[in-house]
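Thank you for sending the coordinates; my notes follow as numbered points, to be read beside the sequence and the structure.

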Amino acid sequence: MSYQALARKWRPQNFGQLMGQEHVVAALSNALTNDRLHHAYLFTGTRGVGKTTIARIFAKSLNCADGITAEPCGQCQNCRAIEEGRFVDLVEVDAASRTKVEDTREILDNVQYRPTQGRYKVYLIDEVHMLSRHSFNALLKTLEEPPPHIKFLLATTDPQKLPVTILSRCLQFSLKAMNVAQIEAQLNKILTAESLSSEQAAINRLAVAANGSMRDALSLTDQAIAQGNGAVIEQVVKNMLGLLDEQHVDALIRALINQDFAAAMQTVESLFLASADPTQILVELMDCLHQVALLQSLPEYKIIDSRNFELLSQAAALWPAEQVHLYYQICLRGRKDLPFAASPRAGLEMTLMRLFAFSPVDTQRKEIFTAVKQVAVAQKVENVEVASAPVTEKTQEQAADAEKKTELVSDAVTVAPTEIIENTTAEPEPEPEPEPEPEPEPE
């Protein structure tokens with residue numbers, strides 16, 4: 001017997017085997033148990049979350065030999081025929097390849113005939129949003145008032161493209177994307193049942209790369225098993241997904257902390273020698289900056305998947321929060337601009353240059369600059385008041401205070417850099433001269 005892909009072999013055959021769609025399972029189970037069945041159902045959600053699978057299980061529940069039940073037996077002739085895809089009264093239509101109105105009318109011509117083998121004739125239309133406008137119009141009347149022996153099950157990944165007239169005639173169920181923990185648990189269960197060795201770190205990377213789709217996770221696992229010669233190994237999975245090693249990401253973050261642009265360029269050189277994708281490099285940097293921002297906003301945050309927790313904690317302690325958000329925006333904008341750069345490497349290097357150009361301002365220099373500026377302005381105002389007022393004991397005291405402030409300024413200047421002194425001790429702008437009065441015109 002030929003090999004069967006994991007996504008097909010481990011497809012759920014009843015509602016109890018479904019994961020992450022409890023709200024849909026509860027609604028359908030109650031409807032089947034109480035015999036409150038609608039004539040049209042619409043299942044929406046991203047790819048690989050179980051839309052077609054739920055529709056097939058629902059068809060099995062409707063046509064099981066034991067009766068309409070939320071727990072089909074899976075052993076009768078009808079259940080086995082539906083599992084093997086040869087049930088006569090389950091008509092599966094791929095709307096992506098049959099978009100014309102003639103195809104829809106051909107399907108609807110057979111609606112009037114009663115089921116041959118089962119209790120209901122079920123029409124499962126996958127990717128229904130691909131139908132043309134005329135096809136939707138031909139489907140409207142039948143979808144609203146079908147014969148009692150007909151059930152319509154529609155599935156789509158883009159419900160926004162469906163006409164409102166179609167949506168109003170269906171019970172809509174939105175399927176949720178699966179989280180990383182659910183995908184990891186299912187992969188561990190499947191690999192244990194298949195007697196395949198695996199590493200937990202590799203399974204975690206596969207679950208993250210699946211992006212909420214169980215089918216994608218199983219397809220990636222199949223590929224990892226093939227490349228790992230029957231085992232799921234972390235290094236093989238990282239090479240397969242094009243992920244970076246932690247040491248390269250650590251080197252970039254450390255260079256950014258130390259403001260060492262030469263070290264960053266050496267890391268970029270080694271990454272390109274390893275044929276790393278510039279987009280993936282920026283994605284890894286953005287992920288690290290995201291975790292740094294989380295550590296700053298929530299100090300008790302400890303759930304970090306990467307192994308560079310100490311380095312990220314150091315960055316969170318050294319960088320201001322505004323600087324972290326600026327770094328993230330620079331990387332995000334650099335990722336968007338990569339297709340327009342002269343070359344991918346040039347786009348990555350320019351993004352890194354922006355990161356180093358917008359370095360954090362030294363706090364001590366900023367405080368000295370502010371103090372020098374305030375004292376200089378105060379001294380200027382007092383000098384003007386002293387020059388215009390008569391000499392009294394009070395003015396003498398003010399002059400003494402001004403001398404003390406001048407000494408403080410000189411002490412601060414000894415600490416401050418030269419460029420700050422030059423900027424703050426610039427001469428004031430001269431006052432504008434009064435305009436001459438215009439001469440009277442002769443009579």
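**Notes on the predicted model**

1. In the central sheet, leucine 42 stands opposite leucine 154 in strand 4. The two strands concerned, strand 1 (residues 40–44) and strand 4 (residues 150–156), run parallel and are joined by 5 bridges. Please keep in mind throughout that this is a predicted model.

2. The sheet as a whole is open and consists of 5 strands in the order 2-3-4-1-5, with parallel pairing. Its edges are formed by strand 2 (90–94) and strand 5 (171–174), each of which pairs on one side only, and from one strand to the next the twist averages 15°. Helix 2 (residues 22–34) packs on this sheet, where it touches strand 1 and strand 5, and its direction makes about 150° with that of strand 5.

3. How many bridges hold strand 2 and strand 3 together, and in which sense do they pair? There are 5 bridges, and the pairing is in the parallel sense; within this pair, aspartate 94 stands opposite aspartate 126 in strand 3. Strand 3 (residues 121–126) is largely enclosed by the rest of the structure, because 5 of its 6 residues are buried.

4. A residue of strand 3 that deserves a closer look is lysine 121, whose relative accessible area of 9% falls under the 20% cut-off, so that lysine 121 counts as buried. Leaving aside neighbours within four places in sequence, lysine 121 is in contact with Asp89, Asn110, Tyr113, Arg114, Pro115, His149, Ile150 and Lys151. Lysine 121 and valine 88 are separated by 33 residues in sequence, while their C-alpha atoms are 8.5 Å apart in space.

5. Threonine 156, which is found in strand 4, is likewise worth inspecting: is it buried or exposed? Threonine 156 is buried, since its relative accessible area is 0%. Not counting residues up to four places away in sequence, the residues that threonine 156 touches are Leu42, Phe43, Thr44, Gly45, Lys51, Glu127, Val128, His129 and Leu162; Leu42 in this list is the residue that stands opposite leucine 154.

6. The largest nonpolar core has 34 residues, and those that touch the most other members are Ile253, Ile281, Val292, Trp319 and Leu355. Two or more residues are given to this core by each of helix 12 (246–258), helix 13 (261–273), helix 14 (278–297), helix 15 (309–318), helix 16 (321–337) and helix 17 (344–357), and helix 14 supplies the largest share, with 9 residues. Tryptophan 319 touches Leu256, Ile257, Leu289, Val292, Gln296, Val324 and Tyr327, residues up to four places away in sequence not being counted. Apart from this core lies another, of 28 residues, which includes Val24, Leu32, Phe58 and Leu90. As a general matter, nonpolar side chains in soluble globular proteins tend to be buried together.

7. Two backbone conformations should be checked by eye. Most residues other than glycine have a negative phi. Aspartate 35, in the loop between helix 2 and strand 1, nevertheless has a positive phi of about 55° although it is not a glycine, and at 54% relative accessibility aspartate 35 counts as exposed. Asparagine 211, in the loop between helix 9 (200–210) and helix 10 (214–227), has a positive phi near 60° and is also exposed, with a relative accessible area of 56%.

8. For the protein overall, there are 20 helices and 7 strands, and buried residues make up 40% of the 443 residues. Of the contacts with a separation of 6 or more, 74% are between residues 24 or more positions apart. The accessible surface comes to about 25800 Å², and 51% of this surface belongs to carbon and sulfur atoms.

9. On confidence, the mean pLDDT of the protein is 81, with 79% of its residues reaching 70 or more. What is the pLDDT over residues 412–426, and how many contacts does this stretch have beyond near neighbours in sequence? The pLDDT there is below 50, and the stretch has 13 such contacts in the model.

Technical notes
Residues numbered from 1 in each chain as written. Predicted model: local features only at pLDDT ≥ 70, side-chain atom pairs only at ≥ 80, totals over all residues. Heavy atoms only, no water. Pairing = 2+ DSSP bridges. Helix = DSSP H or I, 4+ residues; strand = E, 2+ residues; numbered from the N terminus. Axes fitted to C-alpha atoms, helices over the stretch in contact; angles between N-to-C directions. Contact = heavy atoms within 4.5 Å. Core = buried A, V, L, I, M, F, W, Y, C linked by side-chain atoms within 4.5 Å. Buried < 20%, exposed > 50% of the residue type's maximum accessible area, 1.4 Å probe, protein only. pLDDT = per-residue confidence, 0-100. Areas by Shrake-Rupley, 256 points an atom, 1.4 Å probe, with all protein chains shown as cover.
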